[in-house]
Amino acid sequence: MTSTATPPALEGWTLGHHTDDEGTTHPTYRGGSGPGVVVIHEIPGITPQVATFAQEVVDAGFTVVMPHLFGTPGRGMSPAHVAQAFRQVCVSREFTKLATGETTPVAGWLRSLARTLHAELGGPGVGALGMCFTGGFALAMMVDDSVAAPVLCQPSAPFPVGRARAADLNLSPEDLATVKRRAAGGCSVLGLQFAKDPATGTRFDTLDRELGEAFLRVDLPGAGHSTVTTQRQQVAVDRVLGFFGEKLRS
């Protein structure tokens, strides 16, 4: 029998769900008060490290919603959990893995979540943060005007196999044009990566070229990967929280 007990890492978080106009539903975990921030977990899922980071955002005075997209909520990082998440991602039609010049389909659901949160909480908009495989999802969410503070932590999709994929932003040409228009209009994009992380490819160079000064680039020294979770760096967390505070508090 499957247990319905709340995992220790998610105690204090409220389990809910969001359904978009297409009828797609995903569970969500919510906590805090203040301006809204959508924190999208990395592979393999909402690990204790992801939940710890999300709690830091809550403690800084924000309402955080964490969608559960794959993996087992609250389960730690392990080879078995990573393998489970990869199996789910690879068979799902909601995610692009290797295609270039395409927006991940789950972006539509995430934009709907952001609009709903913004309509409830008001203010200039909501924040959106993705990490690793979901790192670029925050950029795709920026197509919707409800997203005022997109943050990309070590964006790693499409998987950087070859130069074209390593440089790709996981956006369709139409969505990229919208992102560039919003950036030119004052919506900055914060990006964080370890300088020697091969998983991020050359995407930050692409963002430098496409967004110019609107792309706020943070290159941490070394060859780590998870900037705000497994290899958490205080300077990275502080930069994210400062960015949310600047952009989301009117």
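**A walk through the sheet and its aromatic contacts**

The charged end of R249 sits over the ring of F62, 4.3 Å from the centre of that ring. This contact belongs to a predicted model, and so do the features that follow.

Start with the framework. Eight strands build an open sheet. Their order is β1-β2-β4-β3-β5-β6-β7-β8, and the pairing is mixed. The edges are held by β1 (14–19) and β8 (215–220), each of which pairs on one side only. From one strand to the next, the twist averages 20 degrees.

Now look at strand β3, residues 36–39. In the sheet order, β3 stands between β4 and β5. On one side, β3 pairs with strand β4 (residues 63–67) in the parallel sense, over three bridges. Here G36 has T63 of β4 as its bridge partner. β3 also runs parallel to β5, again with three bridges joining them. In that pairing, V37 has G127 of β5 as its bridge partner. Which way do the residues of β3 point? G36 and V38 point one way, while V37 and V39 point the other way. All four are buried.

How does the chain get from β3 to β4? Helix α1 (residues 48–59) is part of the route: β3, α1 and β4 make a right-handed β-α-β unit.

Move along to β5, residues 126–131. Six bridges join β5 to strand β6 (residues 147–153), and these two strands run parallel. Within this stretch, M131 of β5 stands opposite C153 in β6.

Helix α7 (residues 203–211) packs on the sheet. Which strands does α7 touch? They are β6, β7 (189–194) and β8. The direction of α7 makes about 155 degrees with that of β8. T206 is one residue of this helix. T206 has a relative accessible area of 7%, under the 20% cut-off, so T206 is buried. Leaving aside residues up to four places away in sequence, T206 touches A167 and L169.

Next, the aromatic residues. The structure holds 10 aromatic pairs. In one of them, F95 and F137 have ring centres 6.2 Å apart and planes at 10 degrees. Planes under 30 degrees apart count as stacked, so this pair of F95 and F137 is stacked. F95 lies in the loop between α2 (79–91) and α3 (107–121), whereas F137 lies in helix α4 (residues 137–141). The pair therefore ties together parts that are 42 residues apart in sequence. Are these two phenylalanines buried or exposed? F95 counts as buried because its relative accessibility is 5%. F137, at 1%, counts as buried too.

A second pair, F204 and F215, has another geometry. Its ring centres lie 5.1 Å apart and its planes stand at 80 degrees, so F204 and F215 are edge-to-face. F204 sits in helix α7 and F215 in strand β8, 11 residues apart, and the pair links distant parts of the chain. This brings us back to the helix that packs on the sheet and touches β8. F204 is buried at 1% relative accessibility. F215 is buried as well, at 5%.

Finally, return to F95 and F137. Both belong to one aromatic cluster, which F70, F86, F133 and F159 form together with them.

Technical notes. Residues are numbered from 1 along each chain as its sequence is written. This is a predicted model: local features need pLDDT of at least 70, side-chain atom pairs count only at pLDDT 80 or more; totals for chains, interfaces and linings use all residues. Side-chain values use heavy atoms; hydrogens and water are left out. Two strands pair if DSSP finds at least two bridges between them. Axes are lines fitted to C-alpha atoms, for helices over the stretch in contact, and angles run from 0 to 180 degrees between N-to-C directions. Contact means heavy atoms within 4.5 Å. Rings of Phe, Tyr and Trp (its six-membered ring) pair if their centres lie within 6.5 Å; planes under 30 degrees apart count as stacked, over 60 as edge-to-face and the rest as tilted. Buried means under 20% relative accessible area, exposed over 50%, partly exposed in between (1.4 Å probe, protein chains only). A charge sits over a ring if NZ of Lys or CZ of Arg is within 6 Å of the ring centre and within 35 degrees of the ring normal. A crossover is right-handed if, with the strands pointing away from the viewer, the path from the first strand over the helix to the second runs clockwise.
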